[in-house]
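Good morning, colleagues. Please take a moment to look at the sequence and the model before we discuss a few of its residues.

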Amino acid sequence: MLDIDLNALELAKPKSENDSASFRQVSYGKLITPRQHLFLFSAEEWEYFLEEWGTFQKSKYHLVTRLGGANDFGVDVACFYTDNGFSGSWENYQCKYYKGDPLAPGTAIPEIGKLLWHVYNGNLTKPIKYYFFSPKDCGPSLKKLLLNSDKLKDKLLEEWDGWCSKSITATKEISLEGDFKKFVLCFDFSIFKYKPVNEVVEEYRETPYYSIRFGGGLKERPAPLKPPEVFQNNEARYIEQLHNAYADSKGIKQQDFQIDCFPDLTKHFVRQRESFYFAESLRTFARDSVPLGTFEELQNDMFDGVIDTAEDDYENGLIKLKAVLSVSKSVPLDSNGLFETIRVKDRYGICHQLANDDKLKWLEDDE
């Protein structure tokens with residue numbers, strides 16, 4: 001028998017035993033980083049990711065389009081500065097999908113060779129910049145070449161016969177000789193760069209797709225807009241509805257109602273405008289933070305939650321308005337991706353947005 005003190009080898013308590021558990025941890029476990037997510041993508045998901053990332057690029061370019069596939073001339077995602085297409089200034093992003101190893105010279109240089117051939121033949125113009133990136137980034141050997149344009153050119157010349165000559169077209173072998181070789185020797189290889197994955201992820205963070213692809217919650221919501229002193233055109237109808245409901249509560253004809261004559265209603269009116277602008281701020285936040293249609297689904301859920309209350313009979317329009325706003329606080333909205341950012345004023349404001357579109361009316365005969 002071995003003479004070992006087993007008590008001395010007893011495992012210590014796990015470090016996590018002293019940590020409290022949040023709802024998110026219990027529900028989803030440990031979140032993996034966006035970069036780790038990229039390693040798990042399928043080829044199809046990688047293509048979707050590129051298209052979504054392209055929505056950010058549109059803020060810098062006139063047009064962004066994906067051309068990857070057969071006869072793409074070595075262009076994957078083309079970003080044009082003008083509406084002249086390849087006749088104007090443009091940049092190329094070569095987005096190679098490799099789950100195994102980082103991008104290596106043996107993969108990148110044939111792509112460069114393809115671009116050189118098609119630029120030489122006039123199929124497209126020379127891009128201002130040509131970027132490589134892939135899920136596992138560029139390997140050290142390729143990075144060194146992309147950081148030294150002279151060595152990159154030398155490597156292409158050295159490996160042309162083995163790496164490039166048979167990969168440019170499926171119909172013939174392209175030799176590096178004559179005028180084409182002169183063209184390559186004079187070509188500015190400094191346009192070839194690499195795009196670090198972390199930089200791509202940070203750019204992708206600015207798209208409305210980040211939260212649904214990588215999770216981790218929404219980014220911080222900016223402070224809501226303050227209502228301007230002068231009424232805006234985009235709030236005319238809900239304000240009209242409010243004033244008509246106020247007039248109804250006071251037994252005054254709509255055309256004779258003046259809000260300044262009623263201090264109690266003035267305070268109420270100010271709060272409603274604040275709520276409307278809260279919801280308008282949420283609409284803007286949604287546009288930049290979640291996929292298109294998410295905010296509209298929120299409005300639909302609110303409408304479904306309050307419409308039965310809105311269709312009841314009331315003594316006057318103000319009582320109806322307050323009843324609808326009251327029930328809006330308990331409408332379940334937790335299935336919507338914006339739920340964690342919604343405040344009470346957003347709920348009130350969404351009701352006013354619905355009134356602005358005449359989907360809710362505080363007086364049935366209000367036209």
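Does D137 count as buried or exposed? At 7% relative accessibility, D137 counts as buried, where buried means under 20% relative accessible area, exposed over 50%, and partly exposed in between, with a 1.4 Å probe and protein chains only. I should say at once that this is a predicted model, in which local features need pLDDT of at least 70, side-chain atom pairs count only at pLDDT 80 or more, and totals for chains, interfaces and linings use all residues. Residues are numbered from 1 along each chain as its sequence is written, and side-chain values use heavy atoms, with hydrogens and water left out.

D137 sits in the loop between β4 (129–133) and α5 (140–146); helices (H or I, at least four residues) and strands (E, at least two) are DSSP runs, numbered from the N terminus. Its phi is near 70°, a positive value in a residue other than glycine. Most residues other than glycine have a negative phi. D358, in the segment after α14, also has a positive phi, near 60°, and is partly exposed at 36%.

Let us turn to the interior. The largest nonpolar core, a set of buried Ala, Val, Leu, Ile, Met, Phe, Trp, Tyr and Cys residues joined through side-chain atoms within 4.5 Å, has 40 residues. Helix α11 gives the largest share, eight residues. Y246 is among the residues with the most contacts inside this core. Leaving aside residues up to four places away in sequence, Y246 touches residues including F257, L265 and L318, contact meaning heavy atoms within 4.5 Å.
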